[in-house]
Amino acid sequence: MVDISHIRKNIDAIDLQIRELLMQRMDCSYQVAQAKQAAGSTDIYRAEREQAILDDLGEGIPEERRAQYLAVVRKITETSRMYQYGLIYDWNEGIFDKIEGAELTRTPGSLLKVRLTRINRPNAMSSILSMVGDYGFNMELMELVEVSDITHTVTFDLTICGDITQEHMRKLVFQLSKESANFRILENRA
């Protein structure tokens, strides 16, 4: 019989090592954000670079573990982007006001409706849903607006439960605006 308590101790020790490595990675993410800021760039997300990283890191991983491993790597890159966008937001006063429809967010509201377009590929929309949850908000509704076979994109209207006057919600909307084409705020209501 396997001693589960011994295995759990091993997992706990590994988790501490992972935590240290993730903090080092976040330090690197901070440095990337600083470099982007110094260059006057607010663009963090580069889908083709992230896909190349996933392809490279997936090499040599056994097939029966590859999907799970890449899901973890994907989450790490998503979290890194979230951190970097938060820094860019903090360092650039008034950056939120440049988002199309930002004038609709001057008053508190409990539901925010936005429209965004993404490349239609696996995880394109699930990463958006994950992002909303990572910021601590819920999705009330996701409506498909258009699927384009010509541009290989998908457009959705999202209704997010949360007050746009909260800084965390504004950071979420800023990141969504940077990681989506044709992004705009459609409505802010109670």
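**Exercise 1. The surroundings of Arg81**

Task: In this predicted model, determine which residues Arg81 touches, leaving aside those up to four places away in sequence, and decide whether Arg81 is buried or exposed.

Solution: Begin with the contacts, which, with residues up to four places away in sequence not counted, link Arg81 to Ile44, Tyr45, Glu50, Gln175 and Glu179. Next, place the residue in the fold: Arg81 belongs to helix H3. Finally, turn to the accessibility, where the cut-off for a buried residue is under 20% relative accessible area; Arg81 has 4% relative accessibility and therefore counts as buried.

**Exercise 2. Another arginine of the helix**

Task: Establish where Arg65 lies, whether Arg65 is buried or exposed, and how many Å separate Arg65 from Glu167, C-alpha to C-alpha.

Solution: Arg65, too, has its place in helix H3. The relative accessible area of Arg65 is 58%, and because exposed means over 50%, this residue is exposed. For the last step, take the C-alpha atoms of Arg65 and Glu167, which lie 38 Å apart in space, while the sequence separation of the two residues is 102.

**Exercise 3. Helix H5: length and packing**

Task: Check the span of helix H5 against the value expected for its 12 residues, then find which residues of H5 are buried and which elements these buried residues pack against.

Solution: First, H5 covers residues 167-178, and at 1.5 Å a residue it should span 16 Å. The C-alpha atoms at the ends of H5 are 16 Å apart, so the model agrees with the expectation. Second, H5 is mostly covered, with nine of its 12 residues buried, namely Met169, Arg170, Lys171, Leu172, Val173, Phe174, Gln175, Leu176 and Ser177. Third, the buried residues of H5 pack against two helices, H3 (63-91) and H4 (124-134), and against the strands S1, S3 and S4. One of these buried residues, Gln175, has already appeared among the contacts of Arg81.

**Exercise 4. The pairing of strand S1**

Task: Describe how strand S1 is joined to S3 and to S4, and state how many of the residues of S1 are buried.

Solution: Start with S3 (residues 153-161), which runs antiparallel to S1 and is joined to it by nine bridges; within this pairing, Lys113 has Thr159 as its bridge partner. Continue with S4 (residues 181-189), where the arrangement with S1 is again antiparallel and six bridges are found, and where Arg184 is the bridge partner of Arg115. As for burial, S1 (residues 111-119) is mostly covered, since seven of its nine residues are buried.

**Exercise 5. Positive phi values**

Task: Locate His152 and Asn182, and give the phi value of His152 and of Asn182.

Solution: Recall that most residues other than glycine have a negative phi. His152, in the loop between strand S2 (138-148) and S3, has a positive phi near 60°. Asn182 is placed in strand S4 and has a phi near 55°, also a positive value. With a relative accessible area of 55%, Asn182 is exposed.

**Exercise 6. The chain as a whole**

Task: Give the order of helices and strands along the protein chain, and the share of contacts that comes from residues 24 or more positions apart.

Solution: The protein chain has five helices and four strands, and their order along the sequence is α-α-α-β-α-β-β-α-β. Among the contacts with a separation of 6 or more, residues 24 or more positions apart account for 74%. Of the 190 residues, 36% count as buried.

Terms used:
Residues numbered from 1 in each chain as written. Predicted model: local features only at pLDDT ≥ 70, side-chain atom pairs only at ≥ 80, totals over all residues. Heavy atoms only, no water. Buried < 20%, exposed > 50% of the residue type's maximum accessible area, 1.4 Å probe, protein only. Contact = heavy atoms within 4.5 Å. Pairing = 2+ DSSP bridges. Expected span 1.5 Å × (residues − 1).
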